[in-house]
Structures are given as structure tokens and as C-alpha cells.
Amino acid sequence: MADPMKIRANAVGDSTEVKVLMSHEMETGQRKDAQGKVIPAWFIQNVHVTHNDKVVLAAQWGTAVSKNPFMSFKFKGGAKGDKVKITWVDNHNDTRTDEATIA
Amino acid sequence: MPRTIRRIVAGIAAAAVFGGVVATALADSTADEIAKYRDALQDGNPAELWEARGEDMWKTPRGPKHVSFASCDLGLGAGVVKGAYAQLPRYFADAGRVMDLETRLLWCMTEQQGYTRADATKNVFGNGSAKRSDFEALAAYVTSQSQGVKMNVPLDEPHVHEMYALGEKMFFYRGGTHDFACATCHGEDGKRIRLQDLPNLTKVEGAQKAYTTWPAYRVSQGELRTFQWRLNDCFRQQRFPELVFGSDASIALTAYLAGRANGAEFQGPAIKR
Amino acid sequence: MHRMNIVRALAGAVLLATSAFGMLYGCASAPAGHAVDDRAAAMMKSSFKAHGQATLDRLDQDETQRLCSEYAGRALPQPVVERIEKANLATIHFPADGKLVGDWKSGEKIAQSGRGFQYSDDPKQAAGANCYACHQLSPKELSYGTIGPSLYQFGKRRGYTDETRRYAWQKVYNAQAFSACSNMPRFGHHHILTDEQIRDVVALLVDPASPLNQ
């Protein structure tokens, strides 16, 4: 099971600001190891964020996103105490979901 | 003074000031841009992922003796983490030596948790998610609990004082194929290697700025790196043989640099390129 | 031998006295004297392990390294300066065919390369001199260090003469022949670069066609 994400969600006016740090190697598939063999691509392909079961962000990532990605975004709505759920899926079909409460 | 002459004089004066300003501005703009990049990186420091793992590790019973770090005394009492890093290295009577954070963690692993030294030091510097270092995770957690605390290495304690003096000598020890010492790169103000600014560690301000920002998430490494790593990697680049993890020289140099940082607020874990 | 031990013991006793004094009055200054130098050197040696091409003998200091370590942070007395420069000048030798200038294009590659002699380096690959780590050279290269002075227009400023070519060779071969305790590695004396490579670096510095002299 992949490492948990670190999520911070804060109500700012009529919006919610979310910052999430994900733990992932994000290998591009271009790098070679010390023996000259290509290190296989391994990266997050899909991210989606829900608030009260409504999708507020859907992202498709590629190899340009770096290791241990950090994402910061805002969505309209959300109140203190609400839950924000974030899920990522990578090209190995590994997945991780974490939840945070809006502060 | 007639208007035209005044205009000419004003023009010359402006050109002189402008010329000087442009020259400095060009030199500063690279440094400014790098500073802006650093600021942008502060948010979402991946070091937090190591801190979370380290906190878990600190609290979980482990090793052949199934003991957590709750019994590990970093100098402020068994299991006390808050402010502990800011007073390291220090002398530990139970071990009979001066220890930095990593040597003390290693001591707790072997003496309390029952690991052999070989097992505990199998992977001291991590390399990807498949090869992780317990020390790096623990260091991230422990040092995060000294954020904002003023460095207070006990330099008056005789053993620490001795290590400080030895570390100072080592700082200036020239050797290897390239005659490099730490001081070769870190002994003068305002120098840089390629475009990487170098702190002058022989001055208190330099030591304070440098020491209080390790450990750090090194973006180029994709890893959280500690001061033991920093020393090890410096010596590699100095063309020296390999610095042994937790060796006397590593502790002496740490005592010297941490001691010179006394009074400065600890800021780690930080993020660096 | 016996007398040296007595001298060492006395030095040790003096050191203990001074360090006790130092302890009473705080840690304002570290104890001085040869005893700390020797113990520091011993501690260094026991704290390293051989790794690949980086063997433990690299920690053995020659006289230049030892003196420069001893006087680090203080002004070098003139007799020490002369001793070091004389000893290092004596190590310089010139190629048998007398040809001091090679190809500046290769010289630029050598100046750009930071590889060589680290235990992470492949000993079969040629080492670089890593000039740009410390110096400005060709004005086209913006990523340069400032540990050493700018070498821009090295040849142009000094004149394209035999004297300049000879000085450039000597300086790259052993910089401490001219500047005791210089931070610059002794590229020829420590066999970091081959004669062929030094010729190419010299060309980068003194060839009128070199980008450095434009």
C-alpha cells in the first residue's frame, strides 16, 4: 500500500484551498540505472478530488510531473468540517485514497 | 546654470548611476531568481512525507527486543523529542562518547532495540522507495520538533569542547589528490562553485545559515538528506576515501559546525535544490 | 626517538594545562599546538574507509598539505611561503618534445568536466580539470564559479609569448609553485591530468583563437 498523502484543506471566504503532497517515485521511463538498463515508467496518471461526493478536480498527469508531487488548488464552496477526498491511480493500477477535513 | 548645461550634467550623473546599477543588477538578478525559486519551493516540502514516516517509526515497537524509541534519551530525557536536535551533539555518559543525532539513534537501535550495528546500518542513505533509510525518516521527525528552537550545543562541556576543537582542525585538513579541505570551498565570503553559492563556514553567520537548514529534502536527490549525508558527500567530492557513518570525524565536524551555529533558530527540515 | 617522546609528553601536558584554562574561561578559543593536529589527523584516518579508487593513503599528507593545514586561517610566514613554493616549483616538468600548447576545443571540454578521482567515478574514464567550478573562462559560459579569479582574456592580457605559454603550463601543472597553499589542485604533480590534457588546457588559455581570448 503506497504511503499516505499529506492533505491540508482550509476554508477561505466562499472557497476552499487544498494543498496535497503525494508520495510517489514518478519515474518517467527515460532514466537509466547504473548498469545502463532503462528504469521502467511508473507515474500517477489520474487524480480526482471529491467534496461531499461531488468531483471538484479531475486531473490527468504524465511524466512531466516530478517525484513526490505537490498540488495546490481552490474550489468554490466547502465549509469547515466538510470532508475532502483525494484519489490517485498510477500506470501500475496502484491507487491511494486519503481524506481530510476542511479547517 | 543654463537649462541645457543642467540637462547635460543631470544626464551624465544619471548615466553614471544607471551604469553602476545595471552592472550590480545583472549580477544580482541570478541570485534573485534563485531566491524566488526557493521561496516557491517552500510550500509542500516533501520532507513532510519523511516526517510522517519518522513519527510512526519513533512510536512503534521494533527490532529483536520489540522496543519503541520512547526509551531513547536524546539528551532531554527518555523519549523527549521537542528541542532535542538543537542541543546535539552532546556527551552521553551511558555511551561514554559525544554523539550527534544519528549516532545516538544508532545507539538506541543497538542497545535498546537489539539490532546489530550491521543490520541497523544496512541502508543509511536512501535511494528510492525500494531502498529507504530509517535514519532519514527518524531525523526528519526529530529535527522537525526543534523548528524555531535556538541552537544550544553544550560547548562548555569538556568532551564536546574537545570534539569541537578536533572538528575545527579537520575543517582545515588538506588532503587527497586535489588538496581539498572543507575550507577550500567554505573558507571565504561571497564565493560560489559554478552557480551554487557557498556559505563561509568559518564565520558564525555562515555556519548558522548552513547548519540550521539541514536536514533538507534535496530535490536533485529526490531524498531527505541529513548532515551525516552532507559530510559524506562533501568528502566524496573532495576525492577523499569514504567517511564512515557515525565516525568520530563526522561527530567532531558536526560538533564544530553545530556549535558555531549556536544562537540561531533551527529551521529544518528545509528544502534545497 | 626517546627525546621526541619526552617533547610530545611535555607538549601534551602543556595542552592539558591550556585546555583546562580554556574550560574554566569558556570555549572562546580552541586549544592550539601540535598535539591537537596529531590527534585530529589520527581521528581522520580512523574515520574513513577505502572505496573504489579512493584508498586510505589519500589521507596521508605531503609536506605542502601538512603545512597548509597547520597554518590555515592564519597568515603564512614568509620562510614557509618560500619553502612551499620552492618545493612545488621543483616538481614541475615539461613534456620531452617541448610542445606546451595543444587544442583549445579539447581544452574547453576538459575545463567543463568535473569527473575524475571520486570513488563514484569510473577510473577508466579521463578526468576533467573542472576549471569552470572555480573560474570564469570563455565568456559564452555563464555558469562559472568565483573561488578563483576570472581567466577571461588570459592570453590576450599577458601577450601571446613563450613566457605566457610557459607560465600557463607551470601554473596548471602546479599552482603552488607561485602561490603557496593555493586552493587550486596541482593537476600535473598529482597526475590528475595527462601532459596531453595540460597542453589542451594551456591552449584554451593562450591560443589567440580560443573563445577565452575573444
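The exercises below concern chain C of a predicted model, taken first by itself and then together with chain B.

**Exercise 1.** Describe the secondary structure and the burial of chain C.

*Solution.* Begin with the inventory, which comprises eight helices and one strand in chain C. Next, place these elements in order from the N terminus, where the succession reads α-α-β-α-α-α-α-α-α. Then turn to burial: 36% of the 214 residues of chain C count as buried. Finally, consider the contacts in chain C between residues at least 6 apart in sequence, of which 56% join residues at least 24 apart.

**Exercise 2.** Determine how the domain assignment divides chain C, and what each domain gives to the contact between them.

*Solution.* The assignment places residues 1–47 in domain 1 and residues 48–214 in domain 2. Four residues from domain 1 and four residues from domain 2 take part in the contact. On the side of domain 1 that touches domain 2, the residues divide into one nonpolar, one polar and two charged.

**Exercise 3.** Analyse the side of chain C that touches chain B, and state how strands of the two chains are joined.

*Solution.* Start from the extent of the interface, in which 45 residues of chain C are in contact with 41 residues of chain B. The elements α2 (34–46), β1 (48–49) and α3 (63–70) of chain C each supply at least two residues of this side, and α2(C) gives the most, with seven residues. By residue class, the side consists of 24 nonpolar, 16 polar and five charged residues. As a last step, follow the strands: β7 of chain B (residues 242–243) runs antiparallel to β1(C) and is joined to it by two bridges, with C:Phe48 as the bridge partner of B:Leu243.

Key. Residues are numbered from 1 along each chain as its sequence is written. Chains are lettered from A and ligands numbered from 1 in the order in which they are written. This is a predicted model: local features need pLDDT of at least 70, side-chain atom pairs count only at pLDDT 80 or more; totals for chains, interfaces and linings use all residues. Two residues are in contact if their C-beta atoms, placed from the backbone, lie within 7 Å. Helices (H or I, at least four residues) and strands (E, at least two) are DSSP runs, numbered from the N terminus. Ala, Val, Leu, Ile, Met, Phe, Trp, Tyr, Cys and Pro count as nonpolar, Asp, Glu, Lys and Arg as charged, and the others, Gly among them, as polar. Two strands pair if DSSP finds at least two bridges between them. Domain bounds come from an automatic or database domain assignment. A residue is buried if 20 or more other C-beta atoms lie within 10 Å of its own, exposed if 12 or fewer, and partly exposed in between; C-beta atoms are placed from the backbone.
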